[in-house]
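Work through the following exercises with the sequence and the 3D view open beside you, and try each task before reading its solution.

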Amino acid sequence: MAAKNHMSQIKSINFPANRLSDLGLNSVKMTGLGKLIVIAGRNGAGKSRILKSILQDGIDLRQIIEVAENMVPINLRPANVETSISALRTYDLQVGKENPNTNGLVCKLNVITAAYDLANPHQLNAVEFFPKSDGLMDPEAIARRDITQHAKSASTSMEPQAAANYTLPYLQSAQDSYYEAKNQAVETLSQEERDAAIEHYEGIAALVELLLHTKIGRKDRSITLFGRATGDLALSTGQTILLKLAVRLHAQELNLSNTIAIIDEPENHLHPDAVQEIIETLISLSGNLQIIIATHSVPLIAYAHSVDSRALWYLSDGMIEPGTKQTLSVLRSLLGGPEQIDKLSSFLSLPAELAASNFAVQSLFPPGVHGGGEGDPQTEQVARGINALQRAEKPVLLDFGAGKGRLLNGIASYADFQGRVAEALDYIAFDVSKSDEQACKQTIRDYYEESTNRWYCKRTDLFEDHGENFADVVVMCNVLHEIEPFDWIKILGKNSDIFKMLKPDGELLIVEDQLIPVGEKAHKNGFLVLDTLPLHKLFRVGNADKGPLFWKDDARKDGRLTAHHVKRELLERVCLESWKDAIDEQHKISIENLQRIRAEAPTYAAGRQSGFYLQTIGNIALIRSAVPDA
């Protein structure tokens, strides 16, 4: 499988008109692309043609890399495809010959690199993902000698429909080879062959576990999934498709972090719930996987908009525009006209009430796991902040409330830290809970050869090993709103542990989702998210302090995913009065937002926001009731 931090996300697409004229399309310009891209439009608008162009470019670029690397002698082979082709030309001249393939490769490479702005300019691993839930061939139903042949087609067949025939045989073949390699009595295998077979099986087993949350088992020399034999799996539609995808990616030596999944009209084969299940799973498990979908499904479009309002693009009359500018046109093209839109709007007004109720119910339960993995915009905020620190030595970061170490994973995937996080950053984790200790320590070992003295759950042990004033930055990522507000002064004030951890010129970095999507009971008073103005009140930030002592990074430029940088000296200003002022300011903001929402259309999103602010107002009332004169 490819390296963990190998990214190939498309950041923008620029197809000139002359390139698409044969397809009946005008120029295509799409910018600000994220993990999910949904192209909507009527049948025949050209959605599938755009997907096929992206897919073909991905295939072409992989072939260019393969051909260039094979043609360049090993002793001249550089690190990437562009310099490989340059070296190839130099080699041709040196040996006095001209290779006719070279110019063609260069021309094709120039066309592709001009069309895309890629996170990694040498990779565009686009894979067609055909979400058809047909059955899976049972390896138990075919001769043992034929299993390997079926498995081989996983890497040779480019037809997604063939996945039904090779998925389970691929797993069976990989497992058989693994057990053969582990058996030292088998003398026909070299050590290199044994190692390759073991690595091959462990790779696909890890990917299956990641996507389906189950381990591949073995019973009577045959694989099992979810403890069941292959003839009795009873997989759901989503599980079947995710299993096919796992095998296809592994067989083509790709992984979730360097792949673009091309999905054309999944609603033709799957129920909307199954489509959403698959997309949610893929997005949650890999921050770097990119998904591009063509659809005319209203539920899918609505879901995409809830994930990222910028994900939707509308294609009509050969032109493509951001869907946020063409919401009415999108609905008209899919539903047929104003009357149908009104009927749908009337029907959908009910979920607004449901969303508010759901949020209220969720707020009765403990919080789940928040973001912070590879490609997450919040961890990118942290990485940018660390990268901007001017330090003679590598900065020391203390991850306050580290959990499983997702913040470290996210930082390591950021472009400026890829492959060098250990030499660029001194990471230390602190968490009062020991429930994620082993997972966090393993994450640390993934990046640091010397991993001792990097995880703590006791403040005394931390200060004993590192002393005071050791950290350049203390990060609280999705943590502050989970801390009981009555403890803020103790945790953030001038006598706090965080104050003692920071160097005199160090800073506290508070990273929060200003509109948490799921309600939670983080403490007896629920939760409380502080916006920028309340934080100004808490730290007594004056106009002269904005910039040198306090500043904000807005990940999506919409005020929701924010990172607030607070220099150490501001922590000395936290007191009971500033705490009360912060609570009062957040109360005012919540009431203003609730009034605004109630003046808008009753959408699902509005219902969820209403639930958030109603809970915030209620939580503040509980907090105030426990404080005299609050």
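The exercises below concern a predicted model, and each solution goes step by step.

**Exercise 1. Aromatic rings**

Task: Classify the ring pair of tyrosine 178 and tyrosine 201 as stacked, tilted or edge-to-face, and say where in the chain the two residues lie.

Solution: A pair of aromatic rings is described by the distance of the centres and the angle of the planes. A search of the whole structure finds 9 aromatic pairs. For tyrosine 178 and tyrosine 201, the ring centres are 4.7 Å apart and the planes stand at 40°. Planes under 30 degrees apart would count as stacked and planes over 60 as edge-to-face, so this pair is tilted. Turning to the chain, tyrosine 178 belongs to helix α6, residues 163-182, while tyrosine 201 belongs to helix α7, residues 191-212, so that the pair links distant parts of the chain, 23 residues apart. Both tyrosine 178 and tyrosine 201 are buried. Elsewhere, one aromatic cluster is made up of Phe359, Phe527, Phe612 and Tyr613.

**Exercise 2. An arginine with two kinds of partner**

Task: Find which ring arginine 454 lies over, and which residue meets arginine 454 in a salt bridge.

Solution: Begin with the ring, which is that of tyrosine 448: arginine 454 lies over its face, at 4.1 Å from the ring centre. Next, take the charged partner, which is aspartate 426; the two side chains meet in a salt bridge with an N to O distance of 2.6 Å. Aspartate 426 is in strand β14 (residues 426-430) and arginine 454 is in the loop between α16 (437-447) and β15 (455-456), so the salt bridge ties together parts that are 28 residues apart in sequence. Finally, consider accessibility: arginine 454 counts as buried at 12% relative accessibility, whereas aspartate 426 is partly exposed, with a relative accessible area of 22%. For another arginine placed over a ring, look at arginine 568, whose charged end sits over the ring of phenylalanine 499, 3.7 Å from its centre.

**Exercise 3. Salt bridges in other settings**

Task: Describe the salt bridge of arginine 560 with aspartate 513, and then that of lysine 215 with glutamate 209, including how accessible each residue is.

Solution: Side chains of opposite charge can pair when their charged atoms come close. In the whole structure, 20 salt bridges are found. The side chains of arginine 560 and aspartate 513 meet at 2.8 Å, N to O. This pair links distant parts of the chain, with arginine 560 in the loop between β18 and β19 and aspartate 513 in strand β17 (residues 502-513), 47 residues apart. Arginine 560 counts as buried at 18% relative accessibility, and aspartate 513 counts as buried at 11%. Salt bridges that share partners also join Glu140, Arg144, Asp176 and Arg218 into one network. In the second pair, lysine 215 and glutamate 209 meet at 3.2 Å, N to O; here lysine 215 counts as exposed at 58% relative accessibility, and glutamate 209 as partly exposed at 34%.

**Exercise 4. A buried lysine**

Task: Explain why the approach of glutamate 507 to lysine 567 is not counted as a salt bridge.

Solution: First place lysine 567, which lies in strand β19, residues 561-567. Lysine 567 is buried, and glutamate 507, the nearest side chain of opposite charge, is 4.4 Å away. Because a salt bridge requires the nitrogen and the carboxyl oxygen to be within 4 Å, lysine 567 has none. Beyond its neighbours within four places in sequence, the residues in contact with lysine 567 are Asp505, Gly506, Glu507, Pro548, Leu549 and Trp551.

**Exercise 5. Three loop residues**

Task: Locate threonine 214, asparagine 469 and arginine 540, and note a feature of each.

Solution: Threonine 214 lies in the loop between α7 and β6 (216-219) and is buried, with a relative accessible area of 10%. A polar atom of the threonine 214 side chain lies 3.3 Å from the backbone nitrogen of phenylalanine 226. For the other residues, recall that most residues other than glycine have a negative phi. Asparagine 469, in the loop between α17 (459-466) and β16 (471-477), has a positive phi near 55° and counts as partly exposed at 33% relative accessibility. Arginine 540, in the loop between α20 (532-538) and β18 (550-554), has a positive phi near 50° and counts as partly exposed at 32%.

Note on methods: Residues numbered from 1 in each chain as written. Predicted model: local features only at pLDDT ≥ 70, side-chain atom pairs only at ≥ 80, totals over all residues. Heavy atoms only, no water. Phe/Tyr/Trp six-rings, centres within 6.5 Å; stacked < 30°, edge-to-face > 60°. Helix = DSSP H or I, 4+ residues; strand = E, 2+ residues; numbered from the N terminus. Buried < 20%, exposed > 50% of the residue type's maximum accessible area, 1.4 Å probe, protein only. Lys NZ or Arg CZ within 6 Å of the ring centre and 35° of its normal. Lys, Arg positive; Asp, Glu negative; His and termini not counted. Contact = heavy atoms within 4.5 Å. Polar contact = N/O pair within 3.5 Å; in protein donor to acceptor, adjacent residues only side chain to side chain.
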